[in-house]
Amino acid sequence: MEGSLKGLTLKINNAGDKTKKYADIYYLVSLFVFISAVACTRSRIILDVIPTILIIAEMMLLPIVVYRIIFTLFRNWKTAVAAIALIVFSFVYSGINEDTVPFTFIAFAIVGGIGVCADKVLLAGIGGNAVMIIYNICMTLFDNKTLTFNDYQDRKLFYFGPNVFYLDKMNNCSSTDFAAHYFWVIAAYLWVRGKKITWGEIFALGALDVLVYSLTGSNTSFLCIGLLLICAFVLKLLQLFDKKIRLPEGIKKGNVFDKTISFLGKTSYLTIGLACILLTVFYDVENAKFRKLNDILHWRLGLGHRGFLENGIHLIAGEVTLYGMSSSADGFFNFLDCSFVDIIITGGILMFVLFMTIMTTVQIKHKKYIYGVAILSICALSCIEEHHLSEISYNLFLLLLFADFEADKKTSPVIDAKKPVRKILNYSSFAVCAGFLVVSVFLNLPRYRTVKELDRLDVRAGEICRAVQSNLDAAVSSGTWQQVTEELDSYQYGDLLAHPSDFEAVTGTHWNEMTDDPKDHAYYVLYYSPSNQVEDKMLDVMITDEVRSLIGGGSIVIEYDVVKGKVYGLWYAESEGCYAIDDGRKSDRTGRLGRNALMLEGYYSGARHG
């Protein structure tokens with residue numbers, strides 16, 4: 001009996017060895033199609049054929065899952081049991097919460113990678129994301145508005161600093177999501193290249209980082225890609241000076257500091273995840289340090305804390321509805337950007353434990369050089385502000401749970417030996433780097449000129465504002481202002497400002513405190529241009545020959561406190577048509593560089609007053 005069982009096992013193992021090459025190819029093709037389809041479904045414009053391709057790709061994964069389990073069961077039963085447990089959990093989980101967080105086919109993709117070269121798995125995922133990038137470029141060039149499900153959300157194109165330019169393109173539901181794709185792809189690419197990375201590739205990726213930031217303005221992706229490239233840069237420097245790069249397992253023999261760094265590096269997901277959850281649960285809005293940390297993390301703690309209060313923590317979570325920037329008609333926002341908080345609230349404790357186990361296992365078992373640990377740690381840091389840890393089209397490292405890391409070491413000498421290929425890759429990468437930088441300059445130079453023009457208008461608005469305020473001060477001191485305001489009805493003061501959008505920033509006082517007694521403050525808006533010949537006693541006091549000479553052929557909008565006789569803010573345009581919105585308009589660069597702005601306008605808000 002025992003002999004027959006061994007014979008059967010031997011036959012199955014032999015069959016597995018003979019077919020493994022073809023099974024791996026089938027899996028990599030299926031994975032490529034699957035990642036491509038999943039990534040494209042995250043776009044703003046989704047062609048009708050894409051969901052069909054996704055279904056086909058999901059069905060393609062099913063045979064390879066069955067194949068892996070059968071042949072792995074006779075070769076490594078522990079791995080097979082773990083794979084079966086993962087599949088069973090995915091079905092149970094999806095059945096209970098109706099696939100609120102789709103995981104079944106992610107599990108298929110992970111199990112299908114049993115024994116496959118880890119680098120090849122990542123390259124298939126990178127290729128799938130490349131398809132999405134090309135798809136988005138095509139959809140951007142040939143944008144069909146009838147296909148959009150989100151017409152009213154602007155895309156942001158940033159110039160460095162507070163200068164925000166809007167463009168309704170990029171074919172992504174979020175410009176930061178678009179940047180995050182590049183971050184995770186670059187992380188996977190650096191993992192694959194390892195010590196084989198060339199200087200040209202590092203500089204090309206750095207130029208790509210600048211270009212992506214210019215297109216999206218995503219600070220998180222920009223900084224995290226920068227950290228990844230610093231790691232690669234240090235690795236190349238160490239190689240340049242023939243320094244030995246220690247393997248993770250070699251660090252264990254070092255001192256306490258080395259052991260601590262090694263432990264934290266290999267458990268960064270679990271460490272950072274638990275820290276984020278604890279900080280979010282115990283977040284106290286009355287605590288100044290918590291508020292400061294919340295501001296630094298762009299309100300991740302506050303939004304996550306509200307998510308815990310509203311939804312609680314469950315073993316397996318039910319349906320949780322999240323609203324992004326433009327997914328709620330009334331402007332309600334409760335989106336959970338922090339991956340760790342998002343998973344435990346929308347997925348539950350079991351799902352959180354599962355993802356932490358997968359990522360920690362990948363960190364611990366890999367045989368890459370030490371900077372590979374740093375790559376995954378930087379990815380963990382990005383998950384503090386980004387919600388992509390559980391999304392397979394972003395986090396390709398999920399696929400490495402059962403992958404074969406030993407195969408990577410076998411291919412390294414072959415690739416390293418091809419020096420002519422490395423030289424071509426190096427020089428062509430420098431050429432690509434130059435191309436990325438040229439495009440970045442092409443994008444940012446017009447914005448730079450626009451910002452400089454805006455700065456000039458701001459200076460002129462300040463000069464006009466100070467001249468108008470000087471006239472008001474003189475009128476208040478002489479009693480003329482009180483006389484004029486008493487003679488006029490309130491509608492003659494101009495348009496009443498319901499709530500200036502930057503009131504708190506300018507005055508240092510909360511708006512609610514001001515509205516308790518309307519006799520203390522009353523903010524109005526007046527428009528003036530040289531062609532405006534309407535008799536207005538308020539303007540007669542504010543506008544003198546000095547002010548007219550400063551305005552020239554332009555126009556201004558004066559926001560002022562009629563009770564105190566103080567200019568709150570002043571808008572200036574070099575032509576007629578300077579305008580204000582009834583309840584205040586955004587005075588920052590975002591508001592003045594928006595696609596709905598009629599013209600460039602300077603803005604100046606006076607010193608704080610009360």
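This report walks through a predicted model of one protein chain, from its overall make-up down to a few single residues.

**Ground rules**

Because this is a predicted model, local features need pLDDT of at least 70 and side-chain atom pairs count only at pLDDT 80 or more, while totals for chains, interfaces and linings use all residues. Residues are numbered from 1 along each chain as its sequence is written, and side-chain values use heavy atoms, with hydrogens and water left out.

**The chain as a whole**

Let's start with the big picture. The protein chain has 24 helices and 7 strands. Helices here are DSSP runs of H or I with at least four residues, strands are runs of E with at least two, and both are numbered from the N terminus. Of the 610 residues in the protein chain, 51% are buried. Buried means under 20% relative accessible area, exposed means over 50%, and partly exposed is in between (1.4 Å probe, protein chains only).

Next come contacts, meaning heavy atoms within 4.5 Å. Among contacts in the protein chain with a separation of 6 or more, 75% are between residues 24 or more positions apart.

How confident is the predictor? The score to look at is pLDDT, its confidence in each residue, from 0 to 100. The mean pLDDT of the protein chain is 77, and 72% of its residues reach 70 or more. Over residues 247-253, though, pLDDT is below 50, and this stretch has 18 contacts in the model beyond near neighbours in sequence. Residues 581-585 also stay under 50, with 20 contacts beyond four places in sequence.

**Two helix pairs**

Now for how some helices meet. Axes are lines fitted to C-alpha atoms, for helices over the stretch in contact, and angles between N-to-C directions run from 0 to 180 degrees.

Take helix H7 (residues 199-216) and helix H8 (residues 219-240): their axes cross at roughly 170° and come within 10 Å. That makes H7 roughly antiparallel to H8. For such labels, angles under 35 degrees count as roughly parallel, over 145 as roughly antiparallel, 65 to 115 as roughly perpendicular and the rest as oblique. On the H7 side the residues that meet H8 include Trp-199, Ile-202, Leu-205 and Tyr-213, and on the H8 side they include Phe-222, Ile-225, Leu-229 and Phe-233. Sorted by class, this contact of H7 with H8 has 11 nonpolar, 4 polar and 2 charged residues. The classes work like this: Ala, Val, Leu, Ile, Met, Phe, Trp, Tyr, Cys and Pro are nonpolar, Asp, Glu, Lys and Arg are charged, and the others, Gly among them, are polar.

Helix H11 (residues 268-281) and helix H14 (residues 339-346) pack at about 75°, their axes 8 Å apart. The two are therefore roughly perpendicular to each other. H11 brings Tyr-269, Ile-272, Gly-273, Cys-276, Ile-277 and Thr-280 to the contact, and H14 brings Phe-340, Val-341 and Ile-344. By class, H11 and H14 have 7 nonpolar, 2 polar and no charged residues in their contact.

**A covered helix and some cysteines**

Helix H4 (residues 104-112) is mostly covered, with 8 of its 9 residues buried. Among the buried ones are Ile-106, Phe-108, Ile-110 and Val-111.

How many disulfides are there? The count comes to 0, where a disulfide is a pair of cysteine sulfur atoms within 2.5 Å. For Cys-383, the closest cysteine sulfur is in Cys-379, at 7.1 Å, which is too far for a bond. Cys-383 is buried at 1% relative accessibility, and Cys-433 is buried too, at 10%.

**Far in sequence, together in space**

Helix H16 (residues 370-382) holds Leu-381, and Val-373 sits in H16 as well. Leu-381 is partly exposed, at 40% relative accessible area, whereas Val-373 is buried, at 7%. Here are their C-alpha to C-alpha distances to residues elsewhere in the chain.

| Pair | Apart in sequence | Apart in space |
|---|---|---|
| Leu-381 and Thr-220 | 161 residues | 9.4 Å |
| Val-373 and Ser-268 | 105 residues | 9.1 Å |

**Two unusual phi angles**

Most residues other than glycine have a negative phi. His-298 is not a glycine, yet its phi is positive, about 55°. Trp-299 is not a glycine either, and its phi is positive at about 70°. His-298 lies in the loop between helix H12 (288-296) and helix H13 (300-311), and Trp-299 is in the loop between H12 and H13. His-298 is partly exposed, at 34% relative accessibility, while Trp-299 is exposed, at 52%.

Note on methods: pLDDT is the predictor's confidence in each residue, from 0 to 100.
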